[in-house]
Amino acid sequence: MQEPTGPMRAEAAGAGFYHSPGWNRNYPRLQMLTVAELLEGKGIDMPPVRQVSTTFKKAPKVKGDADRQMSMEMS
């Protein structure tokens, strides 16, 4: 509920930036928002939502019988 301290800000700044290749822009890796800022509507500085899912690798889909459910036996 208090403002971030100088050392907190320094640590966040030391985390560096993420470069978004799609938007050719840098975004801070660590961002601090106070409760007051959140209530004022301030948000995280990040790529637009439509790009966010493209910044992470997706796990490969497992091929198999999706309708089959494993049974659990009680001993």
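Trainee: Is lysine 42 buried, partly exposed or exposed, and which residue does its side chain meet in a salt bridge?

Mentor: In this predicted model, lysine 42 is partly exposed, because its relative accessible area is 45%, and buried would require a value under 20% while exposed would require one over 50%. Its side chain meets that of glutamate 37 in a salt bridge, with 3.8 Å from N to O, and glutamate 37 is likewise partly exposed, at a relative accessible area of 21%.

Trainee: How many salt bridges does the count come to, and where are the others?

Mentor: Side chains of opposite charge can pair when their charged atoms come close. By the rule used here, which asks for a side-chain nitrogen of Lys or Arg within 4 Å of a carboxyl oxygen of Asp or Glu, the count comes to three salt bridges. Arginine 9 forms one of them with glutamate 3, where the closest N and O atoms are 3.7 Å apart; arginine 9 is partly exposed at 46% relative accessibility, whereas glutamate 3 is exposed at 55%. Another joins the side chains of arginine 25 and aspartate 45, at 3.1 Å from N to O.

Trainee: Which parts of the chain does the pair of arginine 25 and aspartate 45 tie together?

Mentor: Arginine 25 lies in strand β2 and aspartate 45 in the loop between α2 and α3 (49-52), so this pair links parts that are 20 residues apart in sequence. Arginine 25 is partly exposed at 39% relative accessibility, and aspartate 45 is partly exposed as well, with a relative accessible area of 29%.

Trainee: What is the order of the elements from the N terminus on?

Mentor: To read such an order, one follows the helices and strands along the chain. The secondary structure of the protein comes to three helices and two strands, and from the N terminus on these elements run α-β-β-α-α.

Trainee: What lies in the loop between β1 and β2, and how far in space are its residues from proline 47?

Mentor: A useful habit here is to set separation along the chain beside separation in space. Proline 21 lies in the loop between β1 (17-20) and β2 (25-28), and tryptophan 23 is found in that loop too. Proline 21 and proline 47 are 26 residues apart along the chain, with their C-alpha atoms separated by 10.0 Å, while tryptophan 23 and proline 47 are 24 residues apart in sequence and 7.3 Å apart from C-alpha to C-alpha. Proline 21 is exposed, at 63% relative accessible area, and tryptophan 23 is partly exposed, at 39%.

Trainee: Which residues form a nonpolar patch on the surface?

Mentor: For a patch, one looks for nonpolar side chains that lie together on the surface. Met1, Val35 and Leu39 form such a patch, with about 420 Å² of accessible area together. Of these, valine 35 is found in helix α2 (residues 35-39) and counts as partly exposed, because its relative accessibility is 40%.

Trainee: What volume does the second largest pocket have, and which residues are closest to its centre?

Mentor: A pocket can be read first by its volume and then by its lining. The second largest pocket has a volume of about 210 Å³, and of the 14 residues that line it, the closest to its centre are Arg9, Gln31, Met32, Leu33 and Lys42. The lining divides into six nonpolar, three polar and five charged residues.

Trainee: What percentage of the residues in the protein is buried?

Mentor: Buried residues make up 9% of the 75 residues in the protein.

Definitions and conventions: Residues numbered from 1 in each chain as written. Predicted model: local features only at pLDDT ≥ 70, side-chain atom pairs only at ≥ 80, totals over all residues. Heavy atoms only, no water. Patch = residues over 30% accessible without salt bridge, like charges linked within 9 Å, V, L, I, M, F, W, Y side chains within 5 Å. Areas by Shrake-Rupley, 256 points an atom, 1.4 Å probe, with all protein chains shown as cover. Helix = DSSP H or I, 4+ residues; strand = E, 2+ residues; numbered from the N terminus. Buried < 20%, exposed > 50% of the residue type's maximum accessible area, 1.4 Å probe, protein only. 1 Å grid on protein atoms, 1.4 Å probe; cavity = no way out; pocket = protein on both sides within 12 Å on 5 of 7 lines; lining within 4 Å. Points joined across faces, edges and corners; volume = space filled by probe spheres on them. Nonpolar A, V, L, I, M, F, W, Y, C, P; charged D, E, K, R; others polar.
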